[in-house]
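The following exercises ask the reader to work through a molecular structure step by step. Each task is followed by a solution.

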Amino acid sequence: MAHLAHYREAHPAPFRVTHWVNLIAMILLIVTGFCIHFPFWPEFMGIARGTHIFFGFVIFINCLVRIVLAFTVKSAPAGGTRELVPDYKTWLPQADNKHQLGAWIKYYLFLKKDHPLSAKLGVPQKLSYLAIPLLLAFMFFTGLLLWPPTANLPMFEAAINMMGGAMSVRIIHYFMMFVFICFTMLHAYLANIEGLAPSKLMFFGTEHGGLTYDPEKHNISGEDKLDH
Amino acid sequence: MDNEATVSEFQGMLDARGVSRRSFMKLCGTLAVMVGLGEAAAPRVAQALEESVIGASQGDLYPVIWIEGASCTGCTEAFAQLDAPDAAAVVLEMISLNYSETLSAAAGWSMEEAKEQTIKAGNYILVYEGAVLHGWGGNALRIAGKTGNEHLIEAAEHANAVVALGSCAVNGGWMAAHPNPAGAEGVQMFLKEQGIATPVINIPGCPPNPEWLCAILIDVLLLDKLPELNAENKPVQIFGQTVHDNCQRRGHFENGEFVYQFGSPEEAKGYCLYPLGCRGPQTKANCGVVRYNHRRSWCVEAGAPCIGCCEANPENPGQNWVEVNTPFYKRHRDLRIGDFVVQPGTIALGVTGIVAAALVVHGFGMKAAGRVPKGADFEKVRAWDAKHPDKAIGVYPKEDLEAASKKKGGNQ
């Protein structure tokens, strides 16, 4: 058994909801975004525009909600444990991850055979997840620069010019979408390549037995087959 | 005679030119609408015209100098098509066009002298058409023994205001597009560099609609004020909304009815030109309201997607409408790396394809390494901890730590 046990404490219900919202909003934003860029399906254009703007706000507000929840909801600092800490701590550097960036990179480049020990989020994972709110905020901002009701505000007009005009903003917004597409591909791949248990837990709250982890000792402490 | 209505001197002037009071009031109505006052303000305009412009009381018409920089004269040509009032009426009766390379009857030395005298007398407006070329010490353009730059500096320094007419005058326009060897830029930026504080009114367009210039002249001449300008010194009333906002094909956009190919049945139906690269949604100008060629038609009405000729950031010659909008029929501009151009979509899809392919290859690697679906076994000791047992993060069984420390480089 090479997996840590997947306990609900890793992803409490509120975070499973925000993750669902993210997934749905992201898919709809990407599909409608492509349609707005070029109306492949002309009849869908009006719906696509409305949907895109609505879910643009949804995903941004969801991001803010998730940040607030990080300070109000507790979650497990690592896989394989039911212990709880304030969630925001699992986003900051943790002792479990110290010096492990190289180990993770080596592991995925097949230069290291065994699985690095880690907090709930591995180092590259944590770095990329932390970048997401920033990217999302920037994406939301460029979206507002392209949406007439906000694009015409003097402050936003100045920002458009700073970026080299509306065409440049459009291209930045377009490139950013592919950053999200690439992130989502990597994210889905890395989450599921060693088994679907992480997805089952994140989407449906399904627990899965495995090794247990002691956050005090930062090490594997035993095994829980969940056969109770 | 007491029992006869007196005809004013002004009325006499109109009569002498064969202009009836009715047609004069009609002109005033048009002018009032042009400056955004509404037709009801026609009497106000008539009074202003009578009192100052036509010269009934003051005698002098407002002097205007019209200089061409690096221009194709298209802006002058467009202005010459003005019909209400017609260009001749503007040039001869509303302003005193003391210098214009194209419209003045005279030419050569006497014209240059007329310009010098006008500048010396002051209280005039400068209309500048074309880009400012500061490359090669300004020698890309020489007129009457001096560089174009010198002419602009002299005329702008003493002007009440400079009207930068056309996208080239606003920020270099297509002159400033890559590779821009002559160093084209706009009037506002050039004057700023020269430390000249004369206010600049930017009227982009290639060419600008003649009615825009007329509206500005009327503002300045009749109402004795500069029009309301935005942060880019463009008149808000003209450049405040996008072409898309006021497009007559907007309904088709909303319905999802698009033209994908020229010569198609959709084109015949007059559908929206968005998929053919129309720049209406990002170009600010009231083309669809004012229209062109005596308000007969305009680009989109004629079936051509907007190519964004009014896009011109006065502070950034690189943000000229050609650089920003070509190729016109694509939804995106080309990105330029030296002389190599590429569409953003090619880069984005290329990178995404590479990432996807890399993941597939990596997936086979993970399978070959036996990590699918269960993952590799966990390391017993963190690699760094094994090398630095005294500073180890984890608490490990003694034998694990010793075993790992003995192996060079930890649990590799």
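**Exercise 1. Classify Phe110(A) as buried, partly exposed or exposed, then describe its backbone and its place in the chain.**

Solution. The model is a predicted one.

Step 1. Phe110(A) has 13 other C-beta atoms within 10 Å, and is therefore partly exposed. The reasoning rests on two cut-offs: a residue is buried with 20 or more such atoms and exposed with 12 or fewer, so a count in between gives the class partly exposed.

Step 2. The phi angle of Phe110(A) is positive, about 65°, although the residue is not a glycine.

Step 3. Phe110(A) is located in the loop between α3 (101-108) and α4 of chain A.

**Exercise 2. Apply the procedure to Arg291(B) and establish its exposure class.**

Solution.

Step 1. Inside 10 Å, Arg291(B) has 18 C-beta neighbours, and it therefore counts as partly exposed.

Step 2. Arg291(B) is not a glycine, yet its phi is positive at about 60°.

Step 3. The loop that holds Arg291(B) runs between α14 (287-290) and α15 of chain B.

**Exercise 3. Describe the overall organisation of chain A.**

Solution.

Step 1. Count the elements: chain A contains eight helices and four strands.

Step 2. Place them in order: along the sequence, the pattern is α-α-β-β-α-α-α-α-α-α-β-β.

Step 3. Consider the extent: the C-alpha trace of chain A spans about 60 × 35 × 35 Å along its principal axes.

Step 4. Consider the burial: of the 228 residues in chain A, 31% are buried.

Step 5. Consider the contacts: among those in chain A between residues at least 6 apart in sequence, 57% join residues at least 24 apart.

**Exercise 4. Determine whether the span of helix α7 of chain A agrees or disagrees with the expected value, and state what its buried residues pack against.**

Solution.

Step 1. Helix α7(A) covers residues 166-192, which is 27 residues. The expected span is 1.5 Å times one less than the number of residues.

Step 2. At 1.5 Å a residue, α7(A) should therefore span 39 Å; the end C-alpha atoms are 39 Å apart, so the two values agree.

Step 3. The buried residues in α7(A) include Ala166(A), Met167(A), Val169(A), Arg170(A) and Ile171(A).

Step 4. In chain A, the buried residues of α7(A) pack against α4 (123-146) and α6 (154-162); in chain B, they pack against α15 and α16.

**Exercise 5. Analyse the side of chain B that touches chain A.**

Solution.

Step 1. The contact involves 45 residues from chain B and 46 residues from chain A.

Step 2. On the side of chain B, the elements that give two or more residues are α15 (321-325), α16 (344-368) and α17 (383-387).

Step 3. The largest share of this side comes from α16(B), with ten residues.

Step 4. Sorted by class, the side of chain B that touches chain A has 22 nonpolar, 13 polar and ten charged residues.

**Exercise 6. Describe the surroundings of strand β1 of chain B and identify the strands with which it pairs.**

Solution.

Step 1. Strand β1(B) comprises residues 62-68, and seven of its seven residues are buried.

Step 2. In a regular strand, side chains alternate between the two faces of the sheet. On one side of β1(B) are Tyr62(B), Val64(B), Trp66(B) and Glu68(B), and on the other are Pro63(B), Ile65(B) and Ile67(B); all are buried, and both faces are covered.

Step 3. β1(B) pairs with β2 (residues 95-100) of chain B in the parallel sense over five bridges. Within this pair, Tyr62(B) stands opposite Ile95(B).

Step 4. β1(B) is also joined by five bridges to β3 (residues 125-129) of chain B, and the two run parallel. Here Val64(B) has Ile125(B) as its bridge partner.

**Exercise 7. Locate the cis peptide bonds from Cys206(B) and from Thr326(B).**

Solution.

Step 1. The bond between Cys206(B) and Pro207(B) is cis, with omega about -5°. Pro207(B) is in the loop between β9 (200-203) and α10 (210-222) of chain B.

Step 2. The bond from Thr326(B) to Pro327(B) is cis, with omega near 0°. Pro327(B) lies in the loop between α15 and β10 (335-337) of chain B.

Key
Residues are numbered from 1 along each chain as its sequence is written. Chains are lettered from A and ligands numbered from 1 in the order in which they are written. This is a predicted model: local features need pLDDT of at least 70, side-chain atom pairs count only at pLDDT 80 or more; totals for chains, interfaces and linings use all residues. Two strands pair if DSSP finds at least two bridges between them. Two residues are in contact if their C-beta atoms, placed from the backbone, lie within 7 Å. Ala, Val, Leu, Ile, Met, Phe, Trp, Tyr, Cys and Pro count as nonpolar, Asp, Glu, Lys and Arg as charged, and the others, Gly among them, as polar.
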